[in-house]
Amino acid sequence: MKCIIIDDEQLARNLVERYVSTIQYLELVGSYKNGMEALNAVNEQHVDLIITDIQMPDLLGTDFVKSLTKKPLVIFTTAYQNYAVEGFELEAVDYLLKPFSIDRFIKAINKAKALFDMRNNGASTAEFKNNYLTVKADHKLYKIHFNDIKYIEGMREYVSFHVSTGRITALMSLKSLEEQLPSSQFIRCHKSFIVNKDVVTALETGNLILGDKSIPIGQSYKDKVIEEVF
C-alpha cells in the first residue's frame, strides 16, 4: 500500500515514518507538514492510505479529507479525544490518540490492509435465508445468523458485521443490507449503523447502548428508533 503522512510536528512525522518503515507491505511516498502540501501528491499520484493529524494550522486534517475528490483510506492521529466523533463520521479506518504505541499503530494498519485487500479482490456478495445470511469475504464463505449480529457498521463501500465471535468485514452496501434484513429485528439508527433491536439495552444521550457498546443515533433516525425499539 502506498501511504502518505501529514502532521505539522516534525517529531510526530518522524515517529510515524519510523513505524511505517517496520511494515513490509507499506510504501511511504510522501511526508508533509500540512494538507496543502499533501494535496498535489494525492491528486497527482496513486495514494492508498493517508495517515494524518487532525489539529493543524490553516487546514484541519478532517477538512483536508473532506476536500478530496479521490478518497483513499484514512487513519487519523490526534492528541485531542474530542475529534473522535468527527473522524468517525468521515468513515476513517481508525483513530489513534497520541501518544500511541507501535502495537496500536500496527493494529490500525492491519485494518487498513484488510480493507485494501477486499477492494482489490473484488466485491463480496450476501445471500439471505430464513434466519441467516451467507457472506463471501476474506476468501471464505461465512454463515451469519441474524440472532448473532449485534450491529452492522458501514464504512464507505464496506460493512462490518459485529458478531459474538468478532467482526466480519465485506465489500457491500449498508443500504442494500437495510433493504433485505428483517425490519422486525433490525433498524438503521445512523447513516453508518444498523443495530439488532433485540440486543439494545438502553437509550442514553442520543446513543443506543448495546451492552458495553454505545452506538450513535442520527438526528433523522431518532424518532423512528425510539418508536420501534422502545
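**Exercise 1. In what order do the strands of the open three-stranded sheet stand, and is their pairing parallel or antiparallel?**

Solution. The model examined here is a predicted one. Begin with the strand order, which for this open sheet reads E6-E7-E8, with antiparallel pairing. Next, identify the edges: strand E6 (126–128) and strand E8 (140–145) each pair on one side only. Then consider the pairing of strand E7 (residues 132–137) with E8, which is antiparallel and runs over six bridges; within E8, Lys143 is the residue that stands opposite Thr134. Finally, the average angle by which neighbouring strands of this sheet are turned against each other, with direction ignored, is 20°.

**Exercise 2. Determine the strand order of the five-stranded open sheet and state which strands stand at its edges.**

Solution. The order is E11-E10-E9-E13-E12, and the pairing is antiparallel. Strand E11 (166–171) and strand E12 (186–190) have a single partner strand each, so that one side of each is left without a neighbour in the sheet. From one strand to the next, the twist averages 20°. The antiparallel pairing of strand E10 (residues 158–163) with E11 extends over six bridges, and Arg167 in E11 is found opposite His162.

**Exercise 3. Describe the largest nonpolar core, stating which elements supply at least two of its residues.**

Solution. Start with the membership: the core holds 25 residues, of which Val20, Leu26, Leu49, Ile75, Phe105 and Ile109 touch the most other members. At least two residues each come from strand E1 (2–6), helix H1 (10–21), strand E3 (49–53), strand E4 (73–78) and helix H5 (102–120). H5 makes the greatest contribution to this core, with seven residues. To see the surroundings of one member, take Ile75 and leave aside its neighbours within four places in sequence; its contacts then include Leu49, Ile50 and Ile51, as well as Val93, Asp94, Leu96, Ala108, Ile109 and Ala112. Lastly, there is a second, separate core of 18 residues, and among its members are Leu133, Phe146, Val159 and Ile168.

**Exercise 4. Compare the salt bridges Asp7–Lys98, Lys111–Asp94 and Lys66–Asp63 by their place in the chain and by the burial of their residues.**

Solution. A search of the whole structure yields nine salt bridges, and these three are taken in turn.

1. The side chains of Asp7 and Lys98 form a salt bridge at 2.8 Å, N to O. Because Asp7 belongs to the loop between E1 and H1, and Lys98 to the loop between strand E5 (94–97) and H5, the pair ties together parts that are 91 residues apart in sequence. Asp7 has a relative accessibility of 3% and therefore counts as buried, the cut-off being under 20%.

2. Lys111 and Asp94 meet through their side chains at 3.6 Å, N to O. Since Lys111 lies in helix H5 and Asp94 in strand E5, this pair ties together parts that are 17 residues apart in sequence. Lys111 is partly exposed, at 23% relative accessible area, whereas Asp94 is buried, at 9%. As for shared partners, salt bridges join Asp7, Asp53 and Lys98 into one network.

3. The side chains of Lys66 and Asp63 meet at 4.0 Å, N to O. The two residues are three apart in helix H3 (residues 61–67), which means that about one helical turn separates them. Lys66, at 46% relative accessibility, counts as partly exposed, and Asp63, at 31%, is likewise partly exposed.

Key: Residues numbered from 1 in each chain as written. Predicted model: local features only at pLDDT ≥ 70, side-chain atom pairs only at ≥ 80, totals over all residues. Heavy atoms only, no water. Core = buried A, V, L, I, M, F, W, Y, C linked by side-chain atoms within 4.5 Å. Buried < 20%, exposed > 50% of the residue type's maximum accessible area, 1.4 Å probe, protein only. Helix = DSSP H or I, 4+ residues; strand = E, 2+ residues; numbered from the N terminus. Contact = heavy atoms within 4.5 Å. Pairing = 2+ DSSP bridges. Axes fitted to C-alpha atoms, helices over the stretch in contact; angles between N-to-C directions.
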